[in-house]
Amino acid sequence: MVATTLHLYVETDPSAGFCFGVINAINKAEAALANGQPLYSLGELVHNEEENTRLRNLGLQSIPIARLQHLHGKRILFRAHGEPPDSYTTAHNNNNEIIDATCPIVTGLQKQIERSYHAGEAIYLYGKATHPEVVAIAGYINNDLVVFNELEELDTNAMSRKITLYSQTTQSLDKFQQIVEALLQAGIEVNVKNTICRSVAHRKPVLQEFCRKFDKIVFVAGQNSSNGKFLYQVCEETNPNSYFISKAEELRPEWFTANDRVGLSGATSTPLWLLAEVKRYLEGL
């Protein structure tokens with residue numbers, strides 16, 4: 001029996017691909033690795049397994065933060081998420097060279113939240129407490145803040161009546177605005193600091209428009225990417241025929257019908273080379 005192809009028409013989302021912060025971090029890693037000397041990253045550089053595998057093959061060694069105190073005289077890359085002050089102190093005390101790839105947007109958030117802390121404000125942060133960006137931010141203000149990911153986690157009757165509200169840079173802008181409105185309705189005075197990255201916030205309407213144009217959507221992201229999970233949810237809500245994968249091998253022919261128009265997109269931590277690989281795979285089905 002002769003196999004037939006599906007003849008899929010595949011178009012890649014022009015807004016997909018690495019954000020500036022990730023591009024900057026990867027460029028710094030590749031430049032540092034060019035001389036063949038060891039380079040260590042505190043945690044994986046991006047939330048994308050395929051890109052991290054590529055970087056490991058170039059020589060980047062990802063280590064947990066607990067190992068930092070045991071490194072002496074090495075080169076250490078601080079990723080786009082940022083690091084708390086303790087990481088800088090430990091690295092310097094052990095005579096390590098720091099290659100700082102903290103995203104400028106994250107650095108700006110760290111400075112803003114420090115100013116609020118020194119002004120004695122009650123600081124609330126919409127984000128995930130275990131996310132490396134949030135862990136780093138908390139380190140700048142001695143963990144003197146309230147971190148929450150759902151409004152239900154807050155007791156609006158018991159909390160401060162006047163707060164300064166920040167957000168992790170990769171959170172949903174819509175949800176952030178809903179939280180602000182709910183807090184105001186609860187009688188809480190909110191000093192709103194919209195610190196969501198514009199490249200993340202602006203992706204939603206663009207992605208919605210893109211998803212409406214196709215029969216099927218394939219969204220590519222790492223399993224641990226917060227941004228990926230949020231953007232895939234946007235895809236699903238806009239086009240129910242959406243599929244989440246992390247690599248081309250996870251594609252299934254039964255998801256598609258002959259001559260389908262397929263839209264291909266990805267998270268801000270998804271490399272363009274991986275999207276190109278998935279596109280070739282789809283076109284060969």
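Visitor: What makes β1 and β12 paired strands?

Guide: In this predicted model, 4 bridges join β1 to β12 (residues 261-266), and the two run parallel. Pairing asks for at least two bridges, so β1 and β12 count as paired. Within this pair, glutamate 11 of the model stands opposite glycine 263 in β12.

Visitor: Which strands make up the sheet, and in what order?

Guide: There are 4 strands in an open sheet, ordered β1-β12-β10-β11, with parallel pairing. From one strand to the next, the twist averages 25 degrees.

Visitor: Why are β1 and β11 called edge strands?

Guide: Pairing needs at least two bridges between strands. β1 (9-12) and β11 (242-245) each pair on one side only, and therefore they are the edge strands.

Visitor: Which helices lie on the sheet?

Guide: Helix α8 (residues 203-211) lies across β1, β10 (216-220) and β12, at about 160 degrees to β12. Helix α9 (residues 226-238) packs on the sheet too, touching β10, β11 and β12. The direction of α9 makes about 160 degrees with that of β11.

Visitor: How do you know that the span of α9 is close to the expected one?

Guide: The expected span is 1.5 Å times one less than the number of residues, so the 13 residues of α9 give 18 Å. From first C-alpha to last, α9 reaches 19 Å, close to that value.

Visitor: Why is Phe230 in α9 called buried?

Guide: Buried means under 20% relative accessible area, so Phe230 falls below that cut-off. Other buried residues of α9 include Leu231, Tyr232 and Val234. The buried residues of α9 pack against α7 (198-201), α8, β10, β11 and β12.

Terms used. Residues are numbered from 1 along each chain as its sequence is written. This is a predicted model: local features need pLDDT of at least 70, side-chain atom pairs count only at pLDDT 80 or more; totals for chains, interfaces and linings use all residues. Side-chain values use heavy atoms; hydrogens and water are left out. Axes are lines fitted to C-alpha atoms, for helices over the stretch in contact, and angles run from 0 to 180 degrees between N-to-C directions. Contact means heavy atoms within 4.5 Å. Buried means under 20% relative accessible area, exposed over 50%, partly exposed in between (1.4 Å probe, protein chains only).
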